[in-house]
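Open the model in your viewer, keep the sequence panel beside it, and follow the stops below in order, selecting each group of residues as it is named.

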Amino acid sequence: MAEISYADAAKTMPENVEEMWELVEKTSLKESFEVLPVKNRRGWRTIRIFVSSTFKDFLNEREILVKELFPDLRLWCEERKLRLIECDLKWGVPIGTTGSETIQICLGELDRCCEENHVPFFLNLCAERVGWIPTSEELTANLTFHYGWVHGLSITEMEIVHGALRKMNPNALFMIREADSLEGLPDHIVEAFKESNERSVEKLSMLKTKVAEAFPSNHHFYQVKGNYVKDDDNRENVTFEGLNGDFYQKVFSFFKERIEMLYPLEDSPEDPIEVQREAHLTFMETRSKSVLGRDQQLGEIQYYIRNDQTNSPLVLVGQSGAGKSSIIARSARDVCDMIDDGQLSGKVFVHFVGATPGSTDLVSFLKRIVAELSPDNKESISDLQGYVQLVCRLLSKEEIGPVYLFIDAINQMDEDKQYYLARWLPCQLAQNIRVVISTIEKTDTHQILTKFVPTPKEIACGPLDETAREEIVRNILRDYTKELHLDQMRLLISKKGSSNPLWLAVACEELRVEAVFETVTSMIEAFPNELIDMEVNLINRLVRGENGDQIKSALLLLEVSRHGLLETELMELLAEKNLHLVGSTFEEGNENGKVKPGCKNTIPARDWAIIYRNIKQLLRPCGNLGDGRLDFYHRSLSKAVRKQFLSGSPGEQKKHVYEHWHRVLADYFEKATDDDRRAEELPYHLEQLSDSARLEKCLIDWNIFNRLYDEHFAVELIRFWKAAGGYEAAAHRYTDSLAQLKETEISRTEFSEQQYKVANFLKAGGQFRQAHAMMLESIAIEETENTVKIDPFRVAQMCHWTAYCKRALSFKEPTSEEKIKSFEEAIETYHKSNAFLDGLTCEESEVLRGRSNCGMAHVMLKISDEKKTHDSDEFQSIAAPLIKSSVDVLEKYNAIRYLIDALGTQSLVVPNGPEFFEEKKRIRMRALDLCLRTFGEVHDLFVTKSRNFGAILKKADDYESAYDWYHRSLVASTKLYGPEHSYTQLVQKDLQDPVFTEIAERRFRGAEETKLPLAVGYESPENNDEQIGKNPGNESGKKNETGASDDENEPNGAKLEIAERTDRSGMCCFL
């Protein structure tokens, strides 16, 4: 215990320095305060470090603390679920504040640190000044009694007394700058750094003595070299060299050790689903603490949760940075509270896309939903399709619930999986399920959601009002003990960009890091109004700092990369010092201009630490340092990088810059040993470079092929081969590669598996003859080599696709008799597929049986058309129940893609004639609606379904509407396949009908006068030259074996003769 109370100390007026320190000792503990480790800590914890010093003589030290040391320490703390906040009062004390108010602010911050850590993490910087000493008149009675003020001490000394000495604080560190650090500086500068008053010099000497006595191992002297310079405006500046050395290391090591002792790293749950759940709940807690100016949106969400009768999702839309994540977090937190209070029953599921490692992965996300909605689920699911269908069923299941799902930033889900949204999220939810989902407006995901039936209600996340803007600024700056005075606040919130919460956050961060007291107002005045321009300012600041060229290179590499970069990859890439110079290349192991084979050169750890510390604020969370992928957190940041470094140059120069960075990444990943990453990045960069030779070589690498292959739709292989020379070239190259593979020691069953994959891909590329031959051989191998352990489902799949290819080839037969014979062989193979499925009852087998029945029904209808005799009705009567059973089972399992095709076939069963037109139209409209809602317009299914719908409207003499649908098909086909593709030219041929020509001319004349579009969904090629007609690979002159169809489930089509007269380098539309 202390000898005297604070009140007694405050009443005493010491006459000299010795009496002052005697009074300090009497109000202090005699032994160090015992600090025990925090046990059983749940969630995240905030810790604060208070920085105490005189001001103007420690600007250099404070800058390195704020810009380098504390960010590094913050990264380390985040691994332990600790949020580090430094309390650095270099500005933020409002203008006009009285002396007592200033003291209250400083010591109040120390109290705040004590509340959170019992004894504060305290750093004092000391040199040759003691600082401002308040007079008795500047101190209020309440202040002196509360803090036991020792009259005669400076405010800096009193911070040391209150934050360290009185509790013998073991978390206190003292860094004392050596006096000879000022040697060589002009006399008038040295005088500004030293006390001239004799009493102050005595006080300073006593202070250092007392600190050394009380904290013998926690005080250190450090040596730096002072430099005197004048800037362009003739202002004098002093900088200190050497702060990155002993000073940095001692401060960092001390606080790391103390924090590690107080907050030991606890074991995380082993279950990855539970790890994800905990991470999202933590993010929810963090983001829900302060949500301002959004009462209307919060109220509407709460009303939906309590009273919704539509059974539809609720959509929150807004621009990037509008605060959607905070609204979602707060709404979810409110529902959790209502459940705890008994106002609601059920459970809450939260998922913030991009906020935690792995959260953008669709499979991981769907697994989390399954675990939450059906924790006892025993279904064995091995692929994305299975999880998509299961989640859709669970969200539609009335027995489940109540469950409240809050999903933020669905538009940030991995780009190539976004179109699955309409497949896992049903339009009609179960009564006990609510789904609140946020997205950036006008994105693909937003468009998909607007096509739900019924259309979900939308809540707009618009601009903030001025009151909310002020409160957000106060809250952000308050954490760092800073405050704007009234005029500065008005100036800041008058900026146009301040209506956006992210703009405000960036502005406050720039002020916190860059501003000193004198420059706050001028910085605010210079802030741009647009969010992207504000982010450009932030990027420029980073690039102007230490390692600026490498920071710029890092940002450009992340922007040009396809799916972000691993930390190790970025470190290896940045090892090339001149990488930012356009024209340089990456050479693995490059040192002094010589390539060392097998040597991986990486950037020095210290340089990387500086780069990572600076760019981390721009990136998605990626787990612990060294784990996870680095990529931009906000879409707007990606735009800011492009605007700053890749825009504004002449076209050729801009193209040259892009090519430089794509070439750097292509060269790097060509040498990479991680096949997963090679497959993700290398083909993409070669495609962007139009390097067809290297791309072809890449695609016939079996390690790359197998990773790009997808049994349902190998969209990436399709895309890359289009750029590498077309699908006929692919057929030749893979045939040769398989022949070479067959001569190796590979087993027959392994060869069969590889050949089946190639055949399935070639089928998607319209190379039906080669695909059919390969599949027949693979089936034969399976039946002869695996008689004991044959996988019936796998062979059934092979038979299904073999029948599909045979059906496609049937259209090439020259006579009707030969076509019928070929069709009958296809039916026989479909029957064989179903025979292998007999006895299997899983979902996958039922869906495959439904697809085969659909294929058989379609073939039977074609035989009926070919025969045109009395027995053709027999095939019609068999096809009708087959297609009905197919539609029923595909609807049951929500197999949307196959259901769309089955509905097309079902419409063919409906007789022709005006009396049946509405029924045929209804079925085809349903297929088209499902296609639009699930896949959007730039998709192979939409290309065919829109054209087919136009065809039946044309037959009904509704030429105006038919013209619109043909045009939409043309636009989609041009974007998807290019202008030279057979299907694109097929639709162009349709539009050459004289009736459509007249409509086009009439609309063109009207458009000239009214500025209306030529057709619904039509986009003028002049305005889309970046998207239309510029697909690489379409100028190859290669010809596809077959053309596209004008009907569902007809891979070859009745219009083959047209297709054969055109370029057929694109893929077949029917998969």
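A residue is called buried when its relative accessible area is under 20%, exposed when over 50%, and partly exposed in between. The model on your screen is a predicted one, and the tour begins with its charged pairs.

Select R80, which counts as buried because its relative accessibility is 9%, and then add E260, whose relative accessible area of 37% makes that residue partly exposed. R80 and E260 form a salt bridge, with their closest N and O atoms 3.3 Å apart. R80 sits in the loop between α3 (59-78) and β2 (82-87) while E260 belongs to helix α9 (residues 243-262), so the pair ties together parts that are 180 residues apart in sequence.

For a pair inside one helix, select D334 and R330, which form a salt bridge with closest N and O atoms 3.4 Å apart. Both lie in helix α12 (residues 324-340), and because they are four residues apart there, about one helical turn separates them.

Go next to K806 and E825, another salt bridge, in which the closest N and O atoms are 3.2 Å apart. Here K806 lies in helix α34 and E825 in helix α35, so this pair ties together parts 19 residues apart in sequence. K806 is buried, with a relative accessible area of 16%, whereas E825 counts as partly exposed at 34% relative accessibility.

Now display helix α33 (residues 768-785), whose 18 residues reach 25 Å from the first C-alpha to the last, close to the 26 Å expected at 1.5 Å a residue. Its buried residues include F768, M775 and I781, and against which helices do the buried residues of α33 pack? They pack against α31 (727-742), α32 (748-764), α34 (792-810) and α35 (816-837).

Select L557, L717, W721, Y734 and F761 together, since these are the residues that touch the most other members of the largest nonpolar core, which has 174 residues. Helix α34 supplies the largest share of this core, eleven residues. Domain 3 (466-529) and domain 4 (910-1008 + 1062-1070) both give residues to the core, so it lies between them. Centring on F761, you will find among the residues it touches F705, Y709, L717, W721 and Y734.

Finish at S907 in helix α38 (residues 896-909), which counts as buried at 0% relative accessibility. The side chain of S907 makes a polar contact of 2.9 Å with the side chain of R924.

Definitions and conventions
Residues numbered from 1 in each chain as written. Predicted model: local features only at pLDDT ≥ 70, side-chain atom pairs only at ≥ 80, totals over all residues. Heavy atoms only, no water. Helix = DSSP H or I, 4+ residues; strand = E, 2+ residues; numbered from the N terminus. Expected span 1.5 Å × (residues − 1). Contact = heavy atoms within 4.5 Å. Buried < 20%, exposed > 50% of the residue type's maximum accessible area, 1.4 Å probe, protein only. Polar contact = N/O pair within 3.5 Å; in protein donor to acceptor, adjacent residues only side chain to side chain. Core = buried A, V, L, I, M, F, W, Y, C linked by side-chain atoms within 4.5 Å. Domains from an automatic or database assignment. Salt bridge = Lys/Arg side-chain N within 4 Å of Asp/Glu carboxyl O. Lists of a residue's contacts leave out its neighbours within four places in sequence.
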